[in-house]
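I opened this entry to go through the contacts between the two chains, the packing inside, and a few charged residues. My notes follow in the order in which I looked things up.

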Amino acid sequence: MAIKPAGTLYRGKVGMWSWVLHRISGVGIFFFLLVHVLDTALVRVSPEAYNIVIESYKTPVVGLAELGLVGAILFHGLNGLRVIAIDFWSKGTKYQSVMFWVVITVTVVAVAGFTPMHLARVFGH
Amino acid sequence: MMSVTIETPNRPRTRKQANWEKYGWLFMRVSGPLLIVLIFTHLVVNLVLGDGIKAIDFAFVAGKWADPFWQVWDLAMLWLALIHGTNGMRTIVNDYAGQVKVRRALTTTLWAVCALLILLGTLVIFTFDPCPAGASAELLASFCPAQ
């Protein structure tokens, strides 16, 4: 009878998926950062140039994308603290899974709190 | 169980050069918590307080950068975020770029873009004029003489 491999402590579990999410969120934030430095640099061109470009941040599509951006930043920052705790705290590895779910919960709660306020501004008049 | 005995174990690796990979690892863990304070505050001030995204325009930026506190805040955010982000991208490139030439080209491009944006951002923060002459008054902050 074929024996199903038992897997490891890492593969397919919280350790792996937190690593995947950390990478994806990090790359996303990096590319936004490149754009954000450039759009802010327009204040040095003229007030009109900056205002025209920053208006696009208030459109419905970009406004919705900003929720994803805020979520990515929250997750990446909090999970980074988890990584530091795993590296430097003696009980870090023991609680790494618990800490992952704390990171997810805090991120979801914060984005849920921010969403109605932000969308009211984006879709309101 | 068989035990393996190494007859003449190698001496631990000694280096004469600085261990840059270690300093990179350390930089990520030092800049990370600083960036949390810098960026989370940036998000609260710009997207949560007041009218949030609706209030952001040239006059809003002028109001912030007329104060040296926010100039230094944004400068620290610019430098730390770009170096932290570029070093993270370098780690990913090292993981997935198989060929040496491709890896070198990508990491060189990453650091070039990083240096360029740090230079641009730093110049913008320090040469910024919150009340530029000749600009239409309704676009400027209330503290500008043209108002």
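I began with the charged pair that joins the chains. In this predicted model, R29(B) makes a salt bridge with D87(A), and their closest N and O atoms are 2.6 Å apart. I traced the two ends: R29(B) sits in helix 1 of chain B and D87(A) in helix 3 of chain A, so the pair crosses between chains. I then looked up accessibility for each partner. R29(B) has a relative accessible area of 18%, under the 20% cut-off, and is therefore buried. D87(A), at 36%, counts as partly exposed. I noted that the rule finds two salt bridges across the interface of chain A and chain B. Over all chains, a search of the whole structure gives four.

**Interface of chain A and chain B**

I next looked up the extent of the interface. On chain A, 38 residues are in contact with 44 residues of chain B. The two chains bury about 3400 Å² between them, and 76% of that is on carbon and sulfur atoms. I asked which three residues of chain A supply more of its buried area against chain B than any other three. They are R23(A), F30(A) and R121(A), which supply 19% of the area that chain A buries there.

For polar contacts, I recorded 11 residue pairs between chain A and chain B, counting those with both residues at pLDDT 80 or more. I then listed the elements that give two or more residues to the side of chain A that touches chain B: helix 1 (14–41), helix 2 (47–55), helix 3 (60–88) and helix 4 (96–123) of chain A. Helix 1 of chain A gives the most, with 12 residues. By residue type, this side of chain A divides into 24 nonpolar, seven polar and seven charged.

**Nonpolar cores**

I moved on to the packing. The largest nonpolar core has 52 residues. Those with the most contacts inside this core are V43(A), Y50(A), L47(B), F58(B), W65(B) and L82(B). I checked which elements give two or more residues to the core: they are helices 1, 2, 3 and 4 of chain A, together with helix 1 (20–48), helix 2 (58–65), helix 3 (68–96) and helix 4 (100–127) of chain B. The largest share, 10 residues, comes from helix 3 of chain B.

I took L47(B) as an example. Leaving aside neighbours within four places in sequence, L47(B) is in contact with V70(A), F114(A) and R121(A) from chain A, and with H42(B), G52(B), I53(B) and I56(B) from chain B. Apart from the largest core I found another, of five residues, among them V14(A), F75(A), L78(A) and V103(A).

**N79(A)**

I looked up this residue for its surroundings. N79(A) is found in helix 3 of chain A. Is N79(A) buried or exposed? Its relative accessibility is 1%, so N79(A) counts as buried. Not counting residues up to four places away in sequence, N79(A) touches S18(A), H22(A), F100(A) and V103(A).

**K58(A)**

I then turned to a lysine outside the helices. K58(A) is found in the loop between helix 2 and helix 3 of chain A. At 9% relative accessibility, K58(A) is buried. What does the side chain of K58(A) meet in a salt bridge? The partner is E55(A), at 3.1 Å from N to O. E55(A) is partly exposed, with a relative accessible area of 43%.

I also noted a link from K58(A) to the other chain: a polar atom of its side chain lies 2.7 Å from the backbone oxygen of I56(B). Beyond four places in sequence, K58(A) is in contact with V122(A), I53(B), K54(B) and I56(B).

**E21(B) and R90(B)**

My last lookup was a salt bridge within chain B. E21(B) pairs with R90(B), with the closest N and O atoms 2.9 Å apart. E21(B) lies in helix 1 of chain B and R90(B) in helix 3 of chain B, so the pair ties together parts that are 69 residues apart in sequence. R90(B) is buried, with a relative accessible area of 15%.

Conventions:
Residues are numbered from 1 along each chain as its sequence is written. Chains are lettered from A and ligands numbered from 1 in the order in which they are written. This is a predicted model: local features need pLDDT of at least 70, side-chain atom pairs count only at pLDDT 80 or more; totals for chains, interfaces and linings use all residues. Side-chain values use heavy atoms; hydrogens and water are left out. Contact means heavy atoms within 4.5 Å. Buried area is the accessible area (1.4 Å probe) that two parts lose on being put together, summed over both. A polar contact is a pair of N or O atoms within 3.5 Å; within protein, one must be able to donate a hydrogen and the other to accept it, and residues adjacent in sequence count only if both atoms are side-chain atoms. Helices (H or I, at least four residues) and strands (E, at least two) are DSSP runs, numbered from the N terminus. Ala, Val, Leu, Ile, Met, Phe, Trp, Tyr, Cys and Pro count as nonpolar, Asp, Glu, Lys and Arg as charged, and the others, Gly among them, as polar. A nonpolar core is a set of buried Ala, Val, Leu, Ile, Met, Phe, Trp, Tyr and Cys residues joined through side-chain atoms within 4.5 Å. Buried means under 20% relative accessible area, exposed over 50%, partly exposed in between (1.4 Å probe, protein chains only).
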